[in-house]
Amino acid sequence: MWFGQADSKRATAVGGVGGDAAGDPAGGVAGGGRGAAAGGLGRHAAPGLTAYLLVPRRDAWGKALMAPACFVAAACSTGHFGGWARFTVLWLVLELLIYQARYQWNDIVGVDSDLRHPEAGARSRLPVGSTPQARRRSIGLSWLTAAARILAALLIGWLTGLTGQVLVLAAAVFAIAGSYELLRASRYRHWTSVRVVAVWLAVGLGYLVRGGLGLSLGGLAAGSAAMVATLVCLGAFGIMFVLLTWALEATSYCTADDDGRWHARPELAAKPHLAALLRHVGEPLDGAGLPPGASRYCGGDRVLRGGSRLSAPWNLALLAASASGGVSGAALARPHAAGGAAAVAWIVAAVAGLAGGIVLAWRRSSRGRWTVAAGWFPVLVAAGLLARPGLPVLAGLPWLVVAGLYCMFCSWSYRELVTASLGRQR
């Protein structure tokens, strides 16, 4: 059982000493507070500073697989596998150096809110210790290692003759990161609905960098239908992925009273881009504050398991990814159709993908969603046959990836998400 007095006491005890025992400078009183707040997550030791500096985001491995998947799909489509060595170098530079430095920037900017996060003990974030001196040391070392990562990326680019490509990747990642951090900056206190939506849309841009790297080195032409449709699908997929994550994360800032009514913790007020998603999870939220009787932690609730309205932001992103994924698959499957026949094939594939996304979003059970995901795959393959493909199975793969991730997230709570991302066991 996740909750209860005995579990809470154990969490407080372990959270208070577990950090230091595990080499985490963020232990002590702060660790104990987080353990109690999270209802037991303090027993999952956060990474020590050395481990963090080596790999800042241990839970980002899923995103790192996007570029190789795009390269393989594009190379299968074009038959151009000759760029694998250059792709491997640029991919490792992007994921191990450039993106990890970007994550360090994000963690430094959000260090205060990360420390107060109800699931701080289970998230891979910058450990800063319990004293001002330790905090300054951790932040300084993080800045130093982030700068070293960028210099190492440029050095590898120079040694391999890929300086231009490395510069383009670094510029793209940090330009997107700068825009995102500017939109979220707390000094801009006035949040409007436009700003919230802009933050939601900005999170999908990084997926274009990863996907574009794999697609271009896999031989896809810049203006081809396969390239354009796949990039649109990747952007929408990224938005859906992050919004589903944020919808679950928003629940970790809530507690419920004995009547089942949810109450938001004060920390949620600083994250309007998360708070705006709560209205779509179908739980009654009382905005009057946190009463003494609200004690049940909501981050363990599987709020998406029963489905959500089609107008929910993540469902709109799902529909965009489903429609573009249908076209992407048909265009990647080595089509032989041209002209008007190709246009008809793309339209049919888009409609088939969109219809599958609508049916998927309408399902109200986990089993129903997985059934749709598996059952609609051959529908996409059949739709792609209009383009006379050489590799028909590719026609359904983009849609299947989108649907599979949607099904997984709808089956999880935020607590299960953060522990599953790090491969941790209860």
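Buried means under 20% relative accessible area. The model used in these exercises is predicted.

**Exercise 1. Tyr297**

Find the element that holds Tyr297 and decide whether the residue is buried or exposed.

*Solution.* Start with the element. Tyr297 sits in strand β4, residues 296-297. Next, take its relative accessible area, which is 4%. The cut-off for buried is under 20%. Tyr297 is therefore buried. Finally, look along the chain. Tyr253 is 44 residues from Tyr297 in sequence, yet the two C-alpha atoms are 8.3 Å apart in space.

**Exercise 2. Asp107**

Place Asp107 in its helix, classify its accessibility, and identify the partner of its side chain.

*Solution.* Asp107 belongs to helix α6, which spans residues 84-109. Its relative accessibility is 1%, so Asp107 counts as buried. Now inspect the side chain. A polar contact of 2.5 Å joins it to the side chain of Arg57. Then list the wider surroundings, leaving out residues up to four places away in sequence. Asp107 touches Tyr52, Arg57, Asp114, Ser124, Arg125 and Leu126.

**Exercise 3. Thr230**

Which backbone atom does the side chain of Thr230 reach?

*Solution.* First, locate the residue: Thr230 lies in helix α12. With a relative accessible area of 7%, Thr230 is buried. The side chain reaches the backbone oxygen of Ala226, at 2.5 Å. Beyond four places in sequence, Thr230 touches Leu215, Ser328 and Leu332.

**Exercise 4. Two partners of α17**

Compare how α15 and α16 are oriented relative to α17.

*Solution.* Two packed helices are described by the angle between their axes and the distance between the axes. Take α15 (residues 340-362) and α17 (residues 397-410) to begin with. Their axes come within 11 Å and cross at roughly 10°. Angles under 35 degrees count as roughly parallel. So α15 is roughly parallel to α17. The residues that meet are Gly353, Gly356, Gly357, Leu360 and Ala361 in α15, and Trp399, Ala403, Tyr406 and Cys407 in α17. By class, this contact has six nonpolar, three polar and no charged residues.

Now take α16, residues 366-384. Its axis is 9 Å from that of α17, at an angle of about 175°. Angles over 145 degrees count as roughly antiparallel. So α16 is roughly antiparallel to α17. The α16 side of the contact includes Arg369, Trp370 and Phe377, and the α17 side includes Leu397, Ala403 and Tyr406. The class count is 14 nonpolar, one polar and one charged.

**Exercise 5. Ala403**

Describe the surroundings of Ala403 in α17.

*Solution.* Ala403 is found in helix α17. Its relative accessible area is 1%, so Ala403 is buried. Set aside neighbours within four places in sequence. Ala403 is then in contact with Leu360 and Ala373. In the helix pairs, Leu360 belongs to α15, while Ala373 belongs to α16. The C-alpha atoms of Ala403 and Val372 are 8.5 Å apart, with their positions 31 residues apart along the chain.

**Exercise 6. The nonpolar cores**

Which helix gives the most residues to the largest nonpolar core?

*Solution.* The largest nonpolar core has 77 residues. Those touching the most other members are Met240, Leu244, Trp246, Leu304, Trp314, Trp346 and Tyr406. Helix α12 (residues 225-251) gives the most, with 17 residues. Follow Tyr406 outward. Among its contacts beyond four places in sequence are Met240, Leu244, Trp314 and Leu360. Finish with the second, separate core: its 21 residues include Leu94, Leu97, Tyr103 and Val209.

Note on methods
Residues are numbered from 1 along each chain as its sequence is written. This is a predicted model: local features need pLDDT of at least 70, side-chain atom pairs count only at pLDDT 80 or more; totals for chains, interfaces and linings use all residues. Side-chain values use heavy atoms; hydrogens and water are left out. Helices (H or I, at least four residues) and strands (E, at least two) are DSSP runs, numbered from the N terminus. Buried means under 20% relative accessible area, exposed over 50%, partly exposed in between (1.4 Å probe, protein chains only). A polar contact is a pair of N or O atoms within 3.5 Å; within protein, one must be able to donate a hydrogen and the other to accept it, and residues adjacent in sequence count only if both atoms are side-chain atoms. Contact means heavy atoms within 4.5 Å. Axes are lines fitted to C-alpha atoms, for helices over the stretch in contact, and angles run from 0 to 180 degrees between N-to-C directions. Angles under 35 degrees count as roughly parallel, over 145 as roughly antiparallel, 65 to 115 as roughly perpendicular and the rest as oblique. Ala, Val, Leu, Ile, Met, Phe, Trp, Tyr, Cys and Pro count as nonpolar, Asp, Glu, Lys and Arg as charged, and the others, Gly among them, as polar. A nonpolar core is a set of buried Ala, Val, Leu, Ile, Met, Phe, Trp, Tyr and Cys residues joined through side-chain atoms within 4.5 Å.
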